[in-house]
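Q: Before us is a molecular structure to be read feature by feature. How should one begin?

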Amino acid sequence: MSFDEAISAAVSIGFHGLAFAMVLYLISVGLSVTMGLMGFVNLAHGVFAMLGGYIVTSVMSRAGVPFVPALAAAAIATAVGSVVVERLLYRRLYGGDELDQVLLTMGLIFMSVAAVTFFWGPNPQPIRPPGWLSGEVDLGVRSFPAFRSFLILCGAALVTALWLGLERARVGIRIRAAVDNLRMAQSVGINTPGLFTLTFALGSGLAGLGGGLGADLLAISPSYALDNLVYFLIVVAVGGLGSIRGPFVAAMLLGITDTGFKYLLPELGAFFIYALTMALLLWRPKGLFGRA
Amino acid sequence: MATEGLVRTGLKAGDGAIDAFARRHRFHPLEALPWVTALAAYILLPSYLPLGAQILATVLFALSADLVLGYAGIVTLGHTAFFGTGAYTAGILAANGWGEPISGLLAGTVMAALVGFASGLVVLRTTGLTLLMQTLVVATLLHEAANRASSITGGDDGLQGMQVWPIFGLFRFDLFGHTAYVYCLIVLFLCWLAARRLVHSPFGRSLTGIRENVRRMHAIGAPVRRRRLVIYTISAGFAGTAGALIAQTTQFVGLGFLGLERSGTVLIMLIIGGVGRLYGAFIGVPLYMIAQDRFSEIEPVYWYFWIGLLMVAVVVFARGGVLGLIERLRV
């Protein structure tokens, strides 16, 4: 491999890895926060991302809705749907037995697999980028696929908004207070059950958005929530439960490593990632940014 | 006088508690029920013996999951790692010219226990979601390994050409499943005796203590981490036995033996019966597998919908499964 080719490969890996990392982060950050806030083991988090993906693809192909409104619809619909699930089912198990939480959410995954197959069939749903996002954008040095560039820009904007919101906005401050010390937050008068619901809706909405945006990276198929569960869990566990920035670092690590291996050594990718995950957690059982 | 009375009742209460502990490990007549049922099924339902053998081996798998989940409180999504290891070990031996079943079974058990020990060293350092993820990663890693090493494991198509010899050179595995059924029944019975002995031993009691209150167990000086590792290894061994049993009796091993779905379904079967009661597996597994067999005309994907709904319903309305319901009715 010549020097130019090596640079070109590195740029490609960096670009596609970044796109993958954005999707992983958008989907997983909600899981990390709700896990840190309520200690709830929500394995069904991927279901919301999957639903987001299905809403985007089917609203676009069947109703002819443009891409951006379709994304907004996916985010809102998953957020609203998640509130229903949270109020009806999850709320009963807060602070309860971990096993019950695992069972409940595994049950939801199984139900989602069947329900999605019933409505959309077993095949993956393709996403057709709108005209202004198909093709390539030329950045002078080289050109990049427009759809993935849009994905990275969107992701970056959302991440910035999320971090600023959690840092500056009153709601964000309350969420951080409740993650740090739930009892103290309650005793200074923060309405924690309301905050739980809000956070849950926000996290699920982001997951729905991530699922829709990343529909060409993580194929929208009925087994989505099962197939990608281990990725979302790795991001959350390596990043550190309850952390906002930890999962971002973890998503970057995972996204770029995974993409790099797919380009260079496709046979060994999965092994390396799982081994790295185990080694990282052996070194820091609470994750890179988790509190000891 | 009053104090004397108090002391006496106190002594009586103490005796009662000691009696209750002493009685725990004695055999209750009801414990014969699964075995009587299994023998009756052998005589009365000869056409269902292949399914029966599968059920018996799966009961052993669920029992092994109950040891870590119900007794030690280690919530795992990767128990198929050990089930699959046992199955592939026995299967690869039988496909490469060593079809002796008993030694194949032992080899599967030992390999699975080794994998359990090695992964337990890493996995058990964490708790909660991280532990769950680590167990899942171990199973996925093995799944990936089995998929890649297709020259040994057959990859996606599954392992072909297993030749299992007759047991002791006398009992051939027949088409009707007679040998398979009895073989599974005897192995399950022996493993059940061992598991029963284990959970009623001081070691088993200390596991329950670890599940209920880890901090207190640390405080009274129990070697928490070592005990969890020991039970994890033993349970992995039992899961390997179950996997090897299914591999030998069906003469097939596929990638599904290491899949996440199987980890999920074994949890459901255990939950339907009741966790941490040693008999949950004996109730939940037959219920699940017979229902699955009866409703086999339903598409497998839609079957998952009802199973998922059942899981949600059990968690919300019937904690403790069937055995939990019976306990509540009796109180």
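A: Helices are DSSP runs of H or I with at least four residues, and they are numbered from the N terminus. In this predicted model, A:E5 lies in helix α1 of chain A, which covers residues 3-38.

Q: Is A:E5 buried or exposed?
A: A residue counts as exposed if 12 or fewer other C-beta atoms lie within 10 Å of its own. A:E5 has 9 such neighbours within 10 Å and is therefore exposed. The C-alpha atom of A:E5 is separated by 43 Å from that of A:I109, although the two residues are 104 apart along the chain.

Q: How many residues of chain A are in contact with chain B?
A: The size of an interface is often given as the accessible area lost when the parts come together. Here the description is by residue contacts: 35 residues of chain A meet 34 of chain B. On the chain A side, two or more residues come from each of α4 (98-120), α10 (229-239) and α12 (269-283). The most come from α4(A), with 15 residues. By class, that side holds 28 nonpolar, three polar and four charged residues.

Q: At what angle do α4(A) and α12(B) pack?
A: Angles between 115 and 145 degrees fall in the oblique class. The axes of α4(A) and α12(B), the latter residues 260-273, are 11 Å apart at an angle of about 120°, so the two helices are oblique to each other. Their crossing is left-handed.

Q: Which residues make this contact?
A: A:L103, A:M106 and A:F110 of α4(A) meet B:G264, B:L267 and B:I271 of α12(B). Five of these residues are nonpolar, one is polar and none is charged.

Methods: Residues numbered from 1 in each chain as written. Chains lettered and ligands numbered in written order. Predicted model: local features only at pLDDT ≥ 70, side-chain atom pairs only at ≥ 80, totals over all residues. Contact = placed C-beta atoms within 7 Å. Nonpolar A, V, L, I, M, F, W, Y, C, P; charged D, E, K, R; others polar. Axes fitted to C-alpha atoms, helices over the stretch in contact; angles between N-to-C directions. Parallel < 35°, antiparallel > 145°, perpendicular 65-115°, else oblique. Left-handed = near helix turned anticlockwise from the far one by under 90°. Buried ≥ 20, exposed ≤ 12 C-beta atoms within 10 Å, placed from the backbone.
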